[in-house]
Amino acid sequence: MKTTEAVAELEISRPVSAPAPSLIAQVWTIAGKDLRSEFRTKEALNASIAFSVVILVLFSFAFDPTSDQLQEFSGGLLWLVFSFAGTLVLNRSFSRETQNDCLDGLLASPMPASALFLGKSLANYVLLMMIEIVSLPVFGLFYNIRWARQLPMLAAVLLLGTWALTVIGTFFSALTVNLRIRELMLPMLVYPLMIPALMAAMTLTTVLLGGVPITASDMIWIKMLVAFDVVFTTLSVFLIDTVLLG
Amino acid sequence: MRNRIIVLLAAIGAALLVWNLHTILLGLPDETRQDMIFRIIYFHVPGGMIGLTGFGVGLACSVVYLVKKDLWWDALAASITEVALAFALTNLVTGSIWGRQQWGVWWAWDARLTGMLICCVVFVGYLMLRRAVDEPNQRARLSAVVSIFGTVNAWFVYKAIDWFPRLQHPGPVLTFRTGGGRMDPVLEHPLYWNALALLCLAIVMVMIRIRQEDVSREIDLLRRTAHASLKGL
């Protein structure tokens, strides 16, 4: 028997003293589990993408869709679509675990609540980015906006802004998971808290969709997005124990 | 003892308020550019001060609750936030009336206006959440967390809105912000007196709310005890 195999067998035969998987491995496991179960049914993903297209169509009745002025608030419209469609995914993140007491099982596992939170955030992040990748070209197509002119910077703004939405959404999904009127409370709590991030993302996206590179004066919004992401991720990781376990 | 303090503070607050109203409405001259509408400042500014301070103190109480796990701190946080919200709304409403007169619109989407509104919306969410949770410890935990998120967020809003090119609010006028010279002391002093009067009333309201919270917790406890003993029969 080779040494490596012997060591492997030794580890299997001694489960009690086996080292706990690292935080990254735990986060990865949770994210993988969530994504796998979502891709098997595609319930939330299909619903959100369809919903984002519906909102995009509704916008065309709110203003003249062929107007040149559309450029000036394109970023705002786009992020409204992202945040409305995204919350369909985010809201379900923890409540789907209440069936069959899955949440209790997850909390009873030897994994910290922060790993659970980060794993779920990561899965939601991937799903939200998928919604955005679909709805951005549709938006450009419907409203005649050439969105790919500043693609690298736009991608950076999308990545940063989406993480902000994801963190707030996932955290409040956990916070409201046991409430009677969860569906009513969530939008009331989540959207006001997303405002600073949305303001920054909307301002930057409007500039970038216009085909103009970001100037030094707009860099402050990038910094603000980064600060928002860092501060609220940290807060969430620290407070998730209080929310889920007490 | 607590009742006496409530009555005493209420009496002081009311007396101060009556005296202030007399000074503000009958004693002070009209302002040169704003005419008589400027008098709104005596309620607008103290309302904002008490509102924002209250949100801050409410946050502190929430943090103390999370550390000590004593429900009294949660009751205090909730009472203070509720009263602070009322004062913040006074600030918004009086500001809106003033804006209609001076800017010609009820709502100017001015930076500080928007910031205060978002702040209010967040804390309305806080109070709604409290109603949605029945179990006292869970309610205290969740609302403390929302309070922390809300206050951190308010700081971001405050910063973000500063960069939005929409500031048309009058700049600071009070001496402790500007070092003097922007507002005549004759006009400025009643503002502090009125802030004091409103602060007394705010404290009275908080104390009454705390008493209500205490009583409701006691009723809750009695109900549970009764329920448990009835089940035993």
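Which residues line the largest cavity? In this predicted model, the lining consists of A:Asp34, A:Glu38, A:Ala44, A:Val89, A:Arg92, A:Ser93, A:Arg96, A:Ala123, A:Asn124 and A:Leu127. Three helices of chain A, namely α2 (23-41), α4 (74-95) and α6 (113-142), each give two or more residues to this lining.

**Cavities**

The structure holds two cavities of 30 Å³ or more. Their volumes and the classes of their lining residues are set out below.

| Cavity | Volume | Nonpolar residues | Polar residues | Charged residues |
|---|---|---|---|---|
| Largest | about 60 Å³ | four | two | four |
| Second largest | about 30 Å³ | six | no | no |

The second largest cavity is lined by residues of chains A and B: A:Met188, A:Leu189, A:Pro192, A:Leu193, B:Val122 and B:Val146. Helix α8 (residues 182-209) of chain A provides the largest share of this lining, with four residues. The lining of the second largest cavity has six nonpolar residues and no charged ones, whereas that of the largest cavity includes four charged residues.

**A buried acidic residue**

A:Asp229 is located in helix α9 (residues 219-244) of chain A. Is the residue A:Asp229 buried or exposed? A:Asp229 is buried, yet has no salt bridge. The nearest side chain of opposite charge is that of A:Lys223, 15 Å away. Because a salt bridge requires a side-chain nitrogen of Lys or Arg within 4 Å of a carboxyl oxygen of Asp or Glu, A:Lys223 does not form one with A:Asp229. When residues up to four places away in sequence are not counted, A:Asp229 touches A:Leu160, A:Trp163 and A:Ala164.

Methods. Residues numbered from 1 in each chain as written. Chains lettered and ligands numbered in written order. Predicted model: local features only at pLDDT ≥ 70, side-chain atom pairs only at ≥ 80, totals over all residues. Heavy atoms only, no water. 1 Å grid on protein atoms, 1.4 Å probe; cavity = no way out; pocket = protein on both sides within 12 Å on 5 of 7 lines; lining within 4 Å. Points joined across faces, edges and corners; volume = space filled by probe spheres on them. Nonpolar A, V, L, I, M, F, W, Y, C, P; charged D, E, K, R; others polar. Buried < 20%, exposed > 50% of the residue type's maximum accessible area, 1.4 Å probe, protein only. Lys, Arg positive; Asp, Glu negative; His and termini not counted. Contact = heavy atoms within 4.5 Å.
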